[in-house]
Amino acid sequence: MENNSVVNIKNLVKQFPVGGDFFTALKDVNLAFTIGEFTGLVGPSGSGKTTLLNIIGGLDSPTEGDVSVLGHALSNTSHKERAGLRRE
């Protein structure tokens, strides 16, 4: 694991298609959660909290950026491997 990071996020962007355009739910997010750290995620409705958690959990994929969980880059893992990471 990188620097005792449990979750490491770099330059995360998530966009959803809306009509002929895109809605940007997350833009340029950079985070690192380390072993033993407690973190709260707060914000108004529609600010991207659930989207961020879905990406960290491997349930959704970012439009851009890198996400690693427990030292595994989620972009290089299968659906089955991501499910296994959620159990750890």
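The legends below describe several views of one predicted model, beginning with the whole chain and moving on to single residues.

**View 1. The whole chain, with its two helices and four strands.** Read from the N terminus onward, the elements follow the order β-β-α-β-β-α. The C-alpha atoms fill a box of roughly 40 × 30 × 20 Å along the principal axes. For 88 residues, a compact globule would have a radius of gyration near 12 Å, and the chain, at 13 Å, agrees with this. Buried residues account for 28% of the 88 residues. If one takes the contacts between residues at least 6 apart in sequence, 51% of them join residues at least 24 apart.

**View 2. The surface and the charges of the chain.** About 6000 Å² of the chain is exposed, and carbon and sulfur atoms supply 52% of this area. The chain carries 8 positive and 9 negative charges, and the mean positions of these two groups are 7 Å apart.

**View 3. The largest nonpolar core, made of 12 residues.** Its members are V7, I9, L12, L26, V29, L52, I55, I56, V67, V69, L74 and L85. At least two residues of this core come from each of β1, β2 (21–34), α1 (49–56) and β3 (64–69). In soluble globular proteins, nonpolar side chains tend to be buried together. L74, one of the core residues, shows how the contacts of a single residue can be followed: beyond its neighbours within four places in sequence, L74 is in contact with I55, I56, G58, V67, S68, V69, R82 and L85.

**View 4. S5, a buried residue in strand β1.** Strand β1 covers residues 5–18. The relative accessible area of S5 is 8%, and because this lies under the 20% cut-off, S5 counts as buried. When residues up to four places away in sequence are not counted, S5 touches A32, F33 and T34. S5 and V67 are 62 residues apart in sequence, while their C-alpha atoms are 11 Å apart in space.

**View 5. T51 in helix α1.** T51 has a relative accessible area of 15% and is therefore buried, as this value is under 20%. Apart from its neighbours within four places in sequence, T51 is in contact with K14, F16, A25 and L26.

**View 6. T24, a partly exposed residue in strand β2.** T24 has a relative accessible area of 35%, which means that T24 falls between the cut-offs of 20% and 50% and is partly exposed. Its contacts, again leaving aside neighbours within four places in sequence, are with K14 and Q15. From T24 to T63 there are 39 residues in sequence, and the two are 9.6 Å apart in space, C-alpha to C-alpha.

**View 7. N11 and L70, each with a positive phi.** Most residues other than glycine have a negative phi, and for this reason a positive value invites a closer look. N11 lies in strand β1, and its phi is near 55°. L70 lies in the loop between β3 and β4 (72–73), and its phi is near 50°. N11 is partly exposed, with a relative accessible area of 47%, and L70 is also partly exposed, with a relative accessible area of 24%.

Terms used: Residues numbered from 1 in each chain as written. Predicted model: local features only at pLDDT ≥ 70, side-chain atom pairs only at ≥ 80, totals over all residues. Heavy atoms only, no water. Rg over C-alpha atoms; globule rule 2.2 N^0.38 Å. Buried < 20%, exposed > 50% of the residue type's maximum accessible area, 1.4 Å probe, protein only. Contact = heavy atoms within 4.5 Å. Areas by Shrake-Rupley, 256 points an atom, 1.4 Å probe, with all protein chains shown as cover. Lys, Arg positive; Asp, Glu negative; His and termini not counted. Charge placed at Lys NZ, Arg CZ, Asp CG, Glu CD. Core = buried A, V, L, I, M, F, W, Y, C linked by side-chain atoms within 4.5 Å.
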